[in-house]
Amino acid sequence: MPPWRGVIREFREFLPPTEEESIVTLLEGGTPLIRSVRLRDWINREIELYLKYEGCNPTGSFKDRGMTLAVSQALREGITAVICASTGNTSASASAYAARAGLRAFVLIPEGQIALGKLSQAIMHGAEVLQVQGNFDEALAIVKEVARGYPVALVNSINPYRLEGQQTAAFEICDQLGDAPTYQSLPVGNAGNITAYWKGYRRYREAGRTSGLPILLGFQAEGAAPIVRGHVVEHPETVATAIRIGNPASWQQAVAARDESGGVIDMVSDDQILEAYQLIAGLEGIFCEPASASSVAGVIKLNKAGRFRRGDRIVCTLTGNGLKDLDCALRVSRRPATISPTTEAVLKHLRF
Ligand code: AN7
């Protein structure tokens with residue numbers, strides 16, 4: 001097999017054209033679709049469960065799929081700076097792709113509310129990071145205004161190139177499974193990704209690459225569930241900081257995608273998210289971040305309500321890498337024992 005060339009080159013026929021010289025890529029995409037056995041057995045032995053591990057992207061999240069298109073487009077238009085508001089992953093991705101392209105990056109993040117791994121990424125890639133004393137929704141409103149008046153490309157998912165690129169995860173899942181799954185489960189924050197997946201599944205179906213479409217399942221955190229509750233949440237709160245969003249930019253598109261697919265957007269509690277987070281790591285050897293685990297937490301919730309039938313193929317997308325948020329991992333885990341440097345002390349702990 002030839003080496004992977006990044007999503008713009010791999011899926012050229014399905015994406016807006018980009019000339020070779022303006023492609024900015026870190027060879028994103030091509031992430032594994034891992035068949036779950038132990039977690040599947042824990043949930044329901046009659047279903048098929050697959051985990052699309054987007055934490056394997058170059059900056060550790062699915063955002064890279066859209067950022068390669070958005071930053072390539074900015075370069076093509078001769079724009080020399082990008083800007084975004086972010087709960088963390090968008091800022092990490094925008095900073096990395098801007099560094100690669102030689103563009104300036106400005107990122108606005110809610111103060112004290114993003115995982116340290118993501119903040120470290122933005123800083124390391126040389127972005128100008130501004131911590132806003134407010135939440136993501138407030139930061140997004142500001143960057144939209146700035147981008148309207150100044151020569152800077154807005155690279156949040158309201159930039160249409162972002163969603164074009166993020167469709168490629170759906171393409172890959174269809175290629176990996178040989179057809180569309182029965183269900184596609186995703187975390188929902190700003191609601192761009194679920195919108196992009198639906199676009200991608202539809203596009204592949206129209207091109208005759210699949211025989212049908214999946215039913216979409218989207219999950220918000222209970223403390224940040226505007227779509228489920230039907231109103232803006234002024235003060236969103238959740239352990240899953242990536243989806244701590246009270247007024248999603250792609251709200252209407254996500255609702256349309258949900259309805260067209262015959263699916264649901266539901267919510268899961270922080271406890272359910274953290275349970276799934278630990279199960280995925282402990283039963284499958286896959287470390288994802290808390291927000292990502294909401295896709296599995298939601299499937300566990302719906303399974304208990306009797307939603308699934310024998311043979312259903314369910315894909316849960318694990319949107320980001322667990323290494324980004326080590327504080328959370330250590331908070332929910334037992335600390336290792338400290339022992340004296342003797343075989344005897346080790347054996348005492350092994351309890352054979
Ligand atoms: C790991 O980085 O909004 O519903 O600013 O980082 O498309 O917003 C991140 C969102 C899911 C939700 N999982 O996706 C940001 C940001 C992870 C995320 C989502 C995000 P959308």
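## Overall fold

Two residues are in contact when heavy atoms lie within 4.5 Å. By that criterion, residues 24 or more positions apart account for 71% of the contacts in the protein with a separation of 6 or more. The structure is a predicted model. Its secondary structure comes to 15 helices and 10 strands. The radius of gyration is 20 Å, close to the 20 Å that the globule rule gives for 352 residues, so the protein is as compact as a globular protein of that length.

The C-alpha trace spans about 65 × 50 × 50 Å along its principal axes. Of the 352 residues, 59% count as buried. The exposed surface comes to about 15200 Å². Carbon and sulfur atoms supply 52% of that area. Charges number 37 positive and 37 negative. Their mean positions are 4 Å apart.

## The four-stranded open sheet

One open sheet has four strands in the order β5-β4-β3-β6. The pairing is parallel. At the edges sit β5 (128-132) and β6 (153-154), each of which pairs on one side only.

Strand β3 covers residues 81-85. Two bridges join β3 to β6, and the two strands run parallel. Within this pairing, Ile 83 stands opposite Leu 154 in β6.

## Strands β7, β8 and β9

Strand β7 covers residues 183-187. Five of the five residues of β7 are buried, so the strand is largely enclosed by the rest of the structure. Which way do its side chains point? Tyr 183, Ser 185 and Pro 187 point one way from β7, while Gln 184 and Leu 186 point the other way. Both groups are buried.

β7 pairs with β8 in the parallel sense, over five bridges. Gln 184 stands opposite Leu 216 in β8. Strand β8 (residues 215-221) also pairs with β9, again parallel and again over five bridges. There, Gly 218 has Ile 265 of β9 as its bridge partner. Strand β9 spans residues 264-268. Four of its five residues are buried, so β9 too is largely enclosed by the rest of the structure.

## Two buried serines

Ser 185 is found in strand β7. Its relative accessibility is 0%, so it counts as buried. Beyond its neighbours within four places in sequence, Ser 185 is in contact with Leu 217, Phe 219, Ser 295, Val 299, Val 315, Cys 316 and Thr 317. Leu 217 and Phe 219 fall within the residue range of β8. Ser 295 and Val 299 fall within the range of helix α13 (residues 290-304).

Ser 294 has its place in helix α13. Ser 294 is buried, with a relative accessible area of 0%. Not counting residues up to four places away in sequence, Ser 294 touches Pro 187, Phe 219, Ile 243, Val 268 and Ile 273. Pro 187 belongs to β7. Val 268 lies in the range of β9. Phe 219 appears among the contacts of Ser 185 and of Ser 294. From Ser 294 to Leu 116, the C-alpha distance is 20 Å, across 178 residues of sequence.

## Loops and positive phi angles

Most residues other than glycine have a negative phi. Leu 27 has a positive value, near 65°. Leu 27 is found in the loop between α1 (7-10) and β1 (33-36). Leu 27 is partly exposed, with a relative accessible area of 45%.

Ala 191 is not a glycine either, and its phi is about 70°. Ala 191 lies in the loop between β7 and α9 (192-206). Is this residue buried or exposed? Ala 191 counts as buried, at 3% relative accessibility.

## Pro 58 and its surroundings

Pro 58 sits in the loop between β2 (48-53) and α3 (63-76). Pro 58 is partly exposed, with a relative accessible area of 40%. Leaving aside neighbours within four places in sequence, its contacts are Leu 26, Leu 27, Glu 28, Asp 64 and Tyr 97. One of these, Leu 27, has the positive phi near 65°. Asp 64 falls within the range of α3.

Pro 58 and Trp 198 are 140 residues apart in sequence. In space they are 24 Å apart, C-alpha to C-alpha.

How values were computed. Residues are numbered from 1 along each chain as its sequence is written. This is a predicted model: local features need pLDDT of at least 70, side-chain atom pairs count only at pLDDT 80 or more; totals for chains, interfaces and linings use all residues. Side-chain values use heavy atoms; hydrogens and water are left out. Buried means under 20% relative accessible area, exposed over 50%, partly exposed in between (1.4 Å probe, protein chains only). Two strands pair if DSSP finds at least two bridges between them. The radius of gyration is taken over C-alpha atoms; the globule rule is 2.2 Å times the number of residues to the power 0.38. Accessible areas come from the Shrake-Rupley method with a 1.4 Å probe; for residues, only the protein chains shown count as cover. Lys and Arg count as positive and Asp and Glu as negative; His and the chain ends are not counted. The place of a charge is taken as NZ of Lys, CZ of Arg, CG of Asp or CD of Glu.
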